[in-house]
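Work through the exercises below with the structure open. Try each task before reading its solution.

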Amino acid sequence: METKVAVVTGSNKGIGFEIVKGLCKGFDGAVYLTARNEERGQQAVKKLEALGFRPHFHLLDVTSEASIQKFSSYISTHYSGINILVNNAGILDFDKSVSSYEDAKKLMDTNFYSLLTITKILYPLLHNDARIINISSDWGLLSNIRKQTWLDTLAKDDLTVKEILDFVGDFLHAAKSGKNSFVSFAGSFGDYKVSKVAMSALTFVQQRQFTEQGKDISINCVHPGFVKSDMTKGMGDFSTERGARAPLYLALEAPQSQKGTFVWHDCHQVNWDD
């Protein structure tokens, strides 16, 4: 019998680590904890092994096409494909509510542009009934955007990937223009908000594409809650374990028919564009 495979990006700590732990408990297959740093990734695996779990580790830097390609080659050599993919990798400097253009671009490379590379390289490995879970945020709701033209565009039923790229590009142009244009686009932490709004929008576009292609793949995005983590400097309402609850629901329990939805931390669906 072929071994099923679950992959969690950026999972050596925080919510990603807890998702790996939950998959080790509830998923009948190989669970891959991935990280861009070998030492931190291996340390995370040892923590889980001490608890009696048996995750696998593979180096994966989502901002590096070569790294994603190497991981893809490894998976395709050892398995028939991927059954669960959790796009969790993300960054945020909680000390900077307004970032420089360079920092905003780095954030966008990690939080959004990486998804397009993953789409190109890893999505061809997905089984026909695979599940993709995108870790978004309440800052990934459309209402976080202040520019009416983008509110109208991103809410369209026939939205395209090119339009999402134009949206992100327009924000980066604003970031390059200085603090006032940065803030006028999406307020404080606008780069993170734009990256997560773009992720959410991409989720819905890709679900439409999968359906048009006749594939039974489900892709959903989820707001895990305001979780206490290194990223939030320890601030938040929930533990990382509680933050993993809704992503694990989508990975293990939700009906396969649940597709293209935005799921709140308590597992109920919300309207993304209200």
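**Exercise 1. A helix pair**

Task: In this predicted model, which handedness does the crossing of H6 and H7 have, and which residues make the contact?

Solution:
- Step 1. The helices H6 and H7 cross in the left-handed sense.
- Step 2. H6 covers residues 161-177 and H7 covers residues 179-186; they pack at an angle of about 145°, and their axes lie 5 Å apart.
- Step 3. H6 contributes Phe167, Asp170, Phe171, Ala174, Ala175 and Ser177 to the contact, while H7 contributes Ser181, Phe182 and Phe185.
- Step 4. Sorted by type, the residues of this contact are six nonpolar, two polar and one charged.

**Exercise 2. A salt bridge from H6**

Task: With which residue does the side chain of Asp170 meet in a salt bridge?

Solution:
- Step 1. The partner of Asp170 is Lys147, at 3.2 Å from N to O.
- Step 2. Asp170 belongs to helix H6, whereas Lys147 sits in the loop between E5 and helix H5 (148-154); the two are 23 residues apart.
- Step 3. Buried means under 20% relative accessible area and exposed means over 50%. Asp170 has 22%, so Asp170 is partly exposed. Lys147 has 29%, so Lys147 is partly exposed.

**Exercise 3. Strand E6**

Task: Are the residues of strand E6 buried or exposed, and with which strands does E6 pair?

Solution:
- Step 1. E6 spans residues 218-222, and five of its five residues are buried.
- Step 2. In a regular strand, side chains alternate between the two faces of the sheet.
- Step 3. On one side of E6 are Ser218, Asn220 and Val222, on the other Ile219 and Cys221, and both faces are covered.
- Step 4. E6 pairs in parallel with strand E5 (residues 126-135) over five bridges. Here Arg131 stands opposite Ser218.
- Step 5. E6 also runs parallel to strand E7 (residues 262-263), joined by two bridges. Cys221 faces Phe262 of E7.

**Exercise 4. Salt bridges between distant parts of the chain**

Task: How many salt bridges are found in the whole structure, and which residue forms one with Asp216?

Solution:
- Step 1. The search finds nine salt bridges.
- Step 2. Lys259 forms a salt bridge with Asp216, with 2.6 Å between the closest N and O atoms.
- Step 3. Lys259 lies in the loop between helix H10 (245-253) and E7, and Asp216 in the loop between helix H8 (190-212) and E6, 43 residues apart.
- Step 4. Lys259 has 26% relative accessibility and so counts as partly exposed. Asp216, at 31%, is partly exposed.
- Step 5. Lys156, Asp158 and Glu163 are linked in a network of salt bridges.

Definitions and conventions: Residues numbered from 1 in each chain as written. Predicted model: local features only at pLDDT ≥ 70, side-chain atom pairs only at ≥ 80, totals over all residues. Heavy atoms only, no water. Buried < 20%, exposed > 50% of the residue type's maximum accessible area, 1.4 Å probe, protein only. Helix = DSSP H or I, 4+ residues; strand = E, 2+ residues; numbered from the N terminus. Pairing = 2+ DSSP bridges. Axes fitted to C-alpha atoms, helices over the stretch in contact; angles between N-to-C directions. Left-handed = near helix turned anticlockwise from the far one by under 90°. Contact = heavy atoms within 4.5 Å. Nonpolar A, V, L, I, M, F, W, Y, C, P; charged D, E, K, R; others polar. Salt bridge = Lys/Arg side-chain N within 4 Å of Asp/Glu carboxyl O.
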